[in-house]
Amino acid sequence: MADRDDEVLNALAFSISQVYLLLVHVCRMLPVPIGLPVDAHIPASDAIPAIRRITEVAGEQPMGETPTLQLYSGCIHLLAAFDLYGLCSMSYHDNRADGVAALLLHSQEELESLEIWLMTHNQPHSD
């Protein structure tokens, strides 16, 4: 059973990193780009404060209510996934793992919708 639990946790950790990378990409596309820590392995201790900061400044982006809420929602779902993953890694239960996966799906959906909006509404800016 422990091997399966470890497999699930590894898959969830990979999914968290993929959604985080999507957030990094989306934040670079924002009207006022936001840089996030990015490296081969970003510790949660670096990623979480950066994501929290985005939730604090999301409303300052010059875009409408819907894209602002998509950014905020994508971030809070990702933060909740980090939190629930931590709990799940300390005391594994299938329903916790399912909760992490559901939170990541919600985060990914919001961020992908925002990405599409940004691609159709933003002028490209130089990096």
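In this predicted model, G35 sits in the loop that links α1 (2–29) to α2 (44–57). G35 is out in the open, with a relative accessible area of 70%, so it counts as exposed. Along the chain, G35 and A50 are 15 residues apart, and their C-alpha atoms are separated by 9.0 Å.

H41 belongs to that loop too, the one between α1 and α2. With a relative accessible area of 62%, H41 is exposed, because the cut-off for that label is over 50%. Its partner in the next comparison is S17: the two residues are 24 positions apart along the chain, while 8.6 Å separates their C-alpha atoms.

H41 and S17 also turn up together in the largest pocket, where A13, I16, S17, H41 and I42 are the lining residues that lie nearest the centre. The whole lining runs to 14 residues, and the volume of this pocket comes to about 300 Å³. Two or more lining residues come from each of α1, α2 and α3. Of these helices, α1 provides the largest share, with five residues. Sorted by class, the lining holds 11 nonpolar residues, two polar ones and one charged one.

Next comes the way the helices pack. Two packed helices are described by the angle between their axes and by the distance between those axes. For α1 and α3, the angle is about 155° and the axes are 11 Å apart. That angle is over the 145 degrees needed, so α1 is roughly antiparallel to α3. The crossing of this pair is left-handed.

The pairing of α2 with α3 can be read in the same terms. Here the axes come within 9 Å and cross at roughly 150°. This angle also clears the cut-off of 145 degrees, and therefore α2 is roughly antiparallel to α3. As for handedness, α2 passes α3 in a left-handed crossing.

That leaves the contact between helix α3 (residues 65–90) and helix α4 (residues 94–121). Their axes lie 8 Å apart, and the helices pack at an angle of about 160°. With an angle over 145 degrees, α3 and α4 are therefore roughly antiparallel to each other. In passing α4, α3 makes a left-handed crossing. The residues of the contact between α3 and α4 split into 16 nonpolar, eight polar and two charged.

One residue of α3 deserves a closer look, namely A81, which is found in that helix. A81 has a relative accessibility of 0%, and because anything under 20% is classed as buried, A81 gets that label. Measuring aside, the sequence and space separations of A81 and N95 can be put side by side: 14 residues along the chain, and 13 Å from C-alpha to C-alpha.

Taken together, the residue-level picture has G35 exposed at 70% and H41 exposed at 62%, with A81 buried at 0%. At the level of helices, α3 is roughly antiparallel to α1, to α2 and to α4.

Terms used. Residues are numbered from 1 along each chain as its sequence is written. This is a predicted model: local features need pLDDT of at least 70, side-chain atom pairs count only at pLDDT 80 or more; totals for chains, interfaces and linings use all residues. Side-chain values use heavy atoms; hydrogens and water are left out. Helices (H or I, at least four residues) and strands (E, at least two) are DSSP runs, numbered from the N terminus. Buried means under 20% relative accessible area, exposed over 50%, partly exposed in between (1.4 Å probe, protein chains only). Axes are lines fitted to C-alpha atoms, for helices over the stretch in contact, and angles run from 0 to 180 degrees between N-to-C directions. Angles under 35 degrees count as roughly parallel, over 145 as roughly antiparallel, 65 to 115 as roughly perpendicular and the rest as oblique. A crossing is left-handed if the near helix is turned anticlockwise from the far one by less than a right angle, and right-handed if clockwise. Ala, Val, Leu, Ile, Met, Phe, Trp, Tyr, Cys and Pro count as nonpolar, Asp, Glu, Lys and Arg as charged, and the others, Gly among them, as polar. On a 1 Å grid over the protein atoms alone, a cavity is a set of points where a 1.4 Å probe fits but cannot get out, and a pocket is an open set with protein on both sides within 12 Å along at least five of seven lines; lining residues have an atom within 4 Å of a point. Grid points are joined across faces, edges and corners, and a volume is the space filled by probe spheres set on the points.
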